[in-house]
Amino acid sequence: AWSAIDTGDYDKALTLSSVVLETDPDCPEAHNLRGNVLAVLGNHSRAIMAFTKAVELNPAYAEAYYFRGLSHQEMKAFKEAARDYTRAIRTGFAVAEGYNARGASRAQCENYRSAIRDFSTAIRMKPDFAMAWYNRGVTRARLDWDSAHAIADLIHAKNLGCEPAQALLNKFGSN
């Protein structure tokens, strides 16, 4: 089923997850798979229900928390997203992408200092993570646009190939 997602055959992936759930309705992996397919199809409310079932069945299912956080973020439920990313990190999804995602949600909630800490952690874990540099630069700029740190982060992101950083620097004449 995961290979069906990778090849873009979402109907097949959804069918396969249904087959697994018919034979084993308590399979958290099948609920997580179903949630991923629904999220790719843009049905985030149903995806959240599938991820929720996965974590109810396995409270230590870090990936399901992370993916549920992504769906919450798509629905602009940033506090819920940040909570899910925290659960994902605490249950083993302590990767740069998890910290970057949580930082983005925290920034949307105007919790800038916590967001900057998350972006910094993501950067320590993965120094070439252009979006984490960009996100930290944008967040620092929200606190103080003239901040040399914000501009330095955006320049670093640009140098890593982040096009939004280049556009933002051009807009404010700091390229």
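This report walks through a predicted model of one protein chain, from its overall layout down to a few individual residues.

**The overall picture**

What you're looking at is helices from end to end: the protein chain has eleven of them and zero strands. Put the C-alpha atoms in a box along the principal axes, and that box comes to roughly 60 × 30 × 25 Å. The chain has 175 residues, and 50% of them count as buried. As for how the chain folds back on itself, take the contacts between residues at least 6 apart in sequence: 42% of these join residues at least 24 apart.

**Helix α2 and its buried side**

Helix α2 takes in residues 10-23, which makes 14 residues. At 1.5 Å a residue it should span 20 Å, and its end C-alpha atoms are indeed 20 Å apart, so expectation and model agree. Which residues of α2 are buried? They are Ala13, Leu14, Ser17 and Leu21. These buried residues cover an arc of only 100 degrees around the axis, which puts them on the same side of α2. Look at the face turned away from that buried side and you'll find the exposed residues Asp11, Glu22 and Thr23. The cover over the buried residues of α2 includes α1 (2-6) and α3 (28-40).

**Two nonpolar cores**

In soluble globular proteins, nonpolar side chains tend to be buried together. Here, the largest nonpolar core has 17 residues. Those with the most contacts inside this core are Ala122, Tyr134, Leu154, Ala157, Cys162 and Ala165. At least two residues of the core come from each of α7, α8 (112-125), α9 (130-143), α10 (148-159) and α11 (163-171). Which helix gives the largest share of this core? That would be α9, with five residues.

Cys162 is a handy place to zoom in. Setting aside its neighbours within four places in sequence, Cys162 is in contact with Ala130, Met131, Tyr134 and Ala157. There is also a second, separate core, made of twelve residues, and its members include Ala54, Tyr61, Ala88 and Phe93.

**Aromatic residues**

The model has four aromatic pairs. In one of them, the rings of Tyr66 and Phe67 have their centres 5.5 Å apart and their planes at 65 degrees. Planes over 60 degrees apart count as edge-to-face, so that is the label for Tyr66 and Phe67. Tyr66 is buried, with a relative accessible area of 11%, while Phe67 is partly exposed at 22%.

Tyr66 has another partner in Tyr85: their ring centres lie 5.7 Å apart and the planes meet at 50 degrees, so this pair is tilted. Tyr66 belongs to helix α5 (residues 62-74) and Tyr85 to helix α6 (residues 78-90), so the pair ties together parts that are 19 residues apart in sequence. Both Tyr66 and Tyr85 are buried. Zoom out a bit and you get one aromatic cluster formed by Phe51, Tyr66, Phe67, Tyr85 and Phe93.

A separate arrangement involves a charge and a ring: Lys126 lies over the face of Phe129, at 4.8 Å from the ring centre.

**A closer look at Ala107**

Ala107 lies in helix α7 (residues 96-108). Is Ala107 buried or exposed? At 5% relative accessibility, Ala107 counts as buried. Leaving out residues up to four places away in sequence, Ala107 touches Tyr112, Ala115, Thr139 and Arg142. Gly161 is 54 residues from Ala107 along the chain, and their C-alpha atoms are separated by 22 Å.

**Two loop residues with positive phi**

Most residues other than glycine have a negative phi. Lys76 goes the other way, with a positive phi of about 65 degrees although it is not a glycine. Glu110 also has a positive phi of about 65 degrees, and it is not a glycine either. Here is where each one sits and how accessible it is.

| Residue | Phi | Place | Relative accessible area |
|---|---|---|---|
| Lys76 | about 65 degrees | loop between α5 and α6 | 63%, exposed |
| Glu110 | about 65 degrees | loop between α7 and α8 | 59%, exposed |

Methods: Residues numbered from 1 in each chain as written. Predicted model: local features only at pLDDT ≥ 70, side-chain atom pairs only at ≥ 80, totals over all residues. Heavy atoms only, no water. Phe/Tyr/Trp six-rings, centres within 6.5 Å; stacked < 30°, edge-to-face > 60°. Buried < 20%, exposed > 50% of the residue type's maximum accessible area, 1.4 Å probe, protein only. Helix = DSSP H or I, 4+ residues; strand = E, 2+ residues; numbered from the N terminus. Lys NZ or Arg CZ within 6 Å of the ring centre and 35° of its normal. Contact = heavy atoms within 4.5 Å. Expected span 1.5 Å × (residues − 1). Arc of directions from axis to C-beta. Core = buried A, V, L, I, M, F, W, Y, C linked by side-chain atoms within 4.5 Å.
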